[in-house]
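Visitor: I would like to go through this model with you and ask how each label is earned. Shall we begin?

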Amino acid sequence: MAITADHIRTTLADYLGHHPEAKTELGVVLGLLDDGDDLTSRKTLPGHVTAGAILVGPDGRVLHILHNVTQKWLLPGGHLEPADNTLLQAAGRELAEETGIPPHVVTPHSQTPLHIDVHPISANPAKDEPAHQHFDFRFLFRTTADIGELQTEEVSDAAWRDIDDIADPQFRQRITTALLDADSDAAMNGQLSLAEPWPIAGE
């Protein structure tokens with residue numbers, strides 16, 4: 001079953017429950033949902049939803065990919081597909097596709113995004129896409145695995161980078177706090193991972 005507008009709205013409401021200060025910034029997403037726009041489609045303008053993965057390795061560094069089109073170091077992620085059942089699964093699928101890290105060695109932190117970022121995307125004449133916005137629902141994951149075979153059609157390199165390299169101080173602090181809280185809870189409960197294994201679309 002494809003991702004629905006209700007699922008996006010519920011996920012957004014959960015996020016705003018944790019971060020009510022973000023409501024002004026995310027008002028455009030709420031407005032488009034209220035207007036009935038299909039935010040799962042990359043053709044929807046002035047913007048649409050994407051899913052991203054904040055993958056933290058065993059040494060506490062965050063995985064970044066060098067995107068072919070933008071030539072920028074970004075978090076793994078991308079557009080939603082009809083086979084995706086949830087935004088979390090979409091983020092996990094994109095992570096696996098782009099980095100070659102299999103889903104069974106990746107553990108999600110929460111069903112709620114750690115961050116939702118609204119950012120501009122430049123026009124891409126090759127794909128006949130005008131300038132627009134991405135509403136990127138970013139989920140936190142952890143792994144003990146290393147980078148696998150990259151999706152060379154979209155990614156030219158991948159690297160683990162220090163959390164301090166993340167420019168946005170609020171985003172950086174959220175990652176640090178979530179990891180500290182999760183590790184503390186795991187230690188108290190005698191657990192080794194953040195959550196139970198999770199399904200990806202189609203499983």
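Visitor: Why is Thr-99 called buried?

Guide: Buried means under 20% relative accessible area, exposed means over 50%, and partly exposed lies in between, using a 1.4 Å probe and protein chains only. Thr-99 has 0% relative accessibility, so the residue counts as buried. Please keep in mind that this is a predicted model, where local features need pLDDT of at least 70, side-chain atom pairs count only at pLDDT 80 or more, and totals for chains, interfaces and linings use all residues. Residues are numbered from 1 along each chain as its sequence is written, and side-chain values use heavy atoms, with hydrogens and water left out.

Visitor: Where is Thr-99 placed, and what is it in contact with?

Guide: Thr-99 sits in helix H3; helices (H or I, at least four residues) and strands (E, at least two) are DSSP runs, numbered from the N terminus. Contact means heavy atoms within 4.5 Å. Leaving aside neighbours within four places in sequence, the contacts of Thr-99 are Leu-63, Ile-65, Pro-76, Ile-147, Gly-148, Glu-149 and Leu-150.

Visitor: What makes a salt bridge of Asp-59 and Arg-61?

Guide: The rule asks for a side-chain nitrogen of Lys or Arg within 4 Å of a carboxyl oxygen of Asp or Glu. Asp-59 and Arg-61 meet at 2.7 Å, N to O, so the pair fits that rule. Asp-59, at 48% relative accessibility, counts as partly exposed, and Arg-61, at 29%, is also partly exposed.

Visitor: How do you know that Asp-117 and Arg-138 meet in a salt bridge, and are they buried or exposed?

Guide: Their N to O distance is 3.4 Å, which is within the limit, so the pair qualifies. Asp-117 has a relative accessible area of 15% and is therefore buried; Arg-138, with 12%, is buried too. This pair links distant parts of the chain, with Asp-117 in strand E6 and Arg-138 in strand E7, 21 residues apart. Arg-138 also forms a salt bridge with Asp-136, at 3.1 Å, N to O, and Asp-136 is buried with a relative accessible area of 10%.

Visitor: Which residues are linked in a network of salt bridges?

Guide: Glu-81, Asp-84, Arg-93, Glu-94 and Glu-97 are linked in this way. By the rule, the count of salt bridges comes to 10.

Visitor: What makes a set of residues a nonpolar core?

Guide: The set must consist of buried Ala, Val, Leu, Ile, Met, Phe, Trp, Tyr and Cys residues joined through side-chain atoms within 4.5 Å. The largest such core has 35 residues, and Leu-12, Leu-26 and Phe-137 have the most contacts inside it. Helix H3 (87-99) is one of the elements that give two or more residues to this core, and H3 gives the most, with 5 residues. Leaving aside neighbours within four places in sequence, Leu-26 is in contact with Leu-12, Tyr-15, Leu-16, Ile-116 and Val-118. A second, separate core of 12 residues includes Val-62, Leu-75, Leu-114 and Ala-178.

Visitor: How many nonpolar, polar and charged residues are in the lining of the largest pocket?

Guide: Ala, Val, Leu, Ile, Met, Phe, Trp, Tyr, Cys and Pro count as nonpolar, Asp, Glu, Lys and Arg as charged, and the others, Gly among them, as polar. The lining therefore divides into 11 nonpolar, 15 polar and 17 charged residues. A pocket here is an open set of points on a 1 Å grid over the protein atoms alone, where a 1.4 Å probe fits, with protein on both sides within 12 Å along at least five of seven lines; lining residues have an atom within 4 Å of a point.
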